[in-house]
Amino acid sequence: MDIGPGFWWQVVILVIIGSAAYAGVSAAPWVPTLKKERDNLVTNGPWPEQGEVVELGCGDGRLLFALARRYPRLTLIGYEISILPYLVAQLTKLSSRKKYKLVQIRFKSLFSADLSGVKVVYAYLLPRSYPRLLRFIQANLATGGIFLLEGWPFEDRPYSHKIEIPGGLPWYQYNYFELSSTEPARSILF
Ligand SMILES: C[S@@+](CC[C@H](N)C(=O)[O-])C[C@H]1O[C@@H](n2cnc3c(N)ncnc32)[C@H](O)[C@@H]1O
């Protein structure tokens with residue numbers, strides 16, 4: 001039996017669809033942050049001038065690239081496991097290597113992200129992933145770190161700020177101590 005190029009294209013498409021389905025089940029499908037949400041986050045978010053910022057489930061990296069344009073000294077790391085948005089993010093990075101030299105897109109599960117020394121962590125995921133997400137953040141957020149959650153808050157944790165966006169989803173800010181748990185944090189920031 002001859003295996004033609006059509007077969008391999010089908011395999012590629014299936015792998016891409018499979019990775020998107022896996023991401024959807026794991027924490028959320030790819031639903032890009034709206035421009036008004038992104039602009040608000042970039043302008044009003046608690047971003048440091050330098051240091052590391054991580055996005056858990058970064059999609060095509062549009063928030064990270066917007067932050068890179070505004071804060072050129074920030075190291076911006078995104079974790080993504082769906083192949084299509086990951087490739088779009090890598091192409092965007094290639095399109096302007098100089099402007100985006102401090103942006104890194106990692107093809108890796110957000111639940112294995114390295115948060116040691118990270119000042120701000122951001123995520124926009126479905127609430128059904130929150131029990132696992134909260135455990136992960138509690139165990140890994142650096143002391144003094146800030147966690148931003150777009151869309152919906154954790155049910156049983158107080159947030160320090162809620163920022164409403166007309167026509168968009170709000171985002172919630174949690175400081176390290178509002179998320180504190182019995183688990184040790186990996187590193188101390190401030
Ligand atoms: C709601 S979208 C966020 C999109 C992003 N903010 C943007 O504007 O493109 C959630 C993202 O998380 C990714 N995702 C879901 N589960 C993941 C996991 N376990 N590890 C890494 N990324 C994951 C999805 O593929 C999706 O791109």
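In this predicted model, strand S6 (residues 161–163) pairs with strand S7 in the antiparallel sense, and three bridges hold the register between them. One of the pairings to look for places Ile163 against Trp171, its bridge partner in S7. Strand S7 (residues 171–175) also pairs with S5, again in the antiparallel sense, this time over five bridges. Here Ile146 stands opposite Asn175 of S7. Ile146 is also the bridge partner in S5 of Val120, a residue that leads the eye on to S4. Strands S4 and S5 run parallel and are joined by four bridges.

Strand S5 (residues 146–150) deserves a closer look, as five of its five residues are buried. In a regular strand the side chains alternate between the two faces of the sheet. In S5, Ile146, Leu148 and Glu150 point one way, while Phe147 and Leu149 point the other way, and all of them are buried. Burial on S5 therefore applies to residues pointing either way, Glu150 included.

A parallel pairing is also found earlier in the chain, where six bridges join S1 to S2. Gly51 of this pairing has Leu74 as its bridge partner in S2. Strand S1 (residues 51–56) is mostly covered, with five of its six residues buried. On the neighbouring strand, Leu76 is a convenient residue to follow, as its place is in S2. Leu76 counts as buried because 23 C-beta neighbours lie inside 10 Å, where 20 or more are required. Beyond the residues up to four places away in sequence, Leu76 touches Val53, Leu64, Leu67, Ala68, Leu102 and Val103. Glu37, by comparison, is 39 residues from Leu76 in sequence and 18 Å from it in space, taken C-alpha to C-alpha.

Stepping back to the whole chain, the secondary structure comes to five helices and seven strands. Along the sequence these elements follow the pattern α-α-β-α-β-α-β-β-α-β-β-β. The radius of gyration is 17 Å, close to the 16 Å that the globule rule gives for 190 residues, so the chain is as compact as a globular protein of that length. Along the principal axes, the C-alpha atoms fill a box of roughly 60 × 35 × 35 Å. Buried residues make up 34% of the 190 residues. Among contacts with a separation of 6 or more, 69% join residues 24 or more positions apart.

Helix H1 (5–26) offers a contrast in covering to the strands just described. How many of the 22 residues of H1 are buried? The count is one, and H1 is hardly covered. The geometry of this helix can be checked against its length: at 1.5 Å a residue, the 22 residues of H1 should span 32 Å, and the end C-alpha atoms are 31 Å apart, which agrees.

After H1 comes Ala27, in the loop between H1 and helix H2 (35–44). Is Ala27 buried or exposed? Ala27 is buried, because 22 other C-beta atoms lie within 10 Å and the cut-off for burial is 20 or more. The contacts of Ala27, leaving out residues up to four places away in sequence, are with Gly57, Leu110, Leu125, Leu126 and Ser129. For Leu125, the C-alpha separation from Ala27 is 5.9 Å, although the two are 98 residues apart along the chain.

Ala27 also takes part in the surroundings of the ligand. In total, 24 residues surround the ligand, the closest being Ala23, Ala27, Gly57, Gly59 and Ser82. Helix H1, helix H3 (62–70) and strand S2 (74–80) are the elements that give two or more residues to this shell. By residue character, the shell divides into 15 nonpolar, six polar and three charged residues.

A further residue worth finding in the structure is Tyr124, in the loop between strand S4 (118–123) and helix H5 (130–140). With 24 C-beta neighbours inside 10 Å, Tyr124 counts as buried. Which residues does Tyr124 touch, not counting those up to four places away in sequence? They are Thr33, Gly57, Glu150 and Gly151. Gly57 is thus a contact of Tyr124, a contact of Ala27 and one of the closest residues to the ligand. Glu150, in turn, leads back to the buried residues of S5. In the other direction, Tyr124 and Thr143 are 19 residues apart in sequence but 22 Å apart in space, C-alpha to C-alpha.

Note on methods. Residues numbered from 1 in each chain as written. Predicted model: local features only at pLDDT ≥ 70, side-chain atom pairs only at ≥ 80, totals over all residues. Buried ≥ 20, exposed ≤ 12 C-beta atoms within 10 Å, placed from the backbone. Contact = placed C-beta atoms within 7 Å. Near = placed C-beta within 6 Å. Nonpolar A, V, L, I, M, F, W, Y, C, P; charged D, E, K, R; others polar. Expected span 1.5 Å × (residues − 1). Rg over C-alpha atoms; globule rule 2.2 N^0.38 Å. Pairing = 2+ DSSP bridges.
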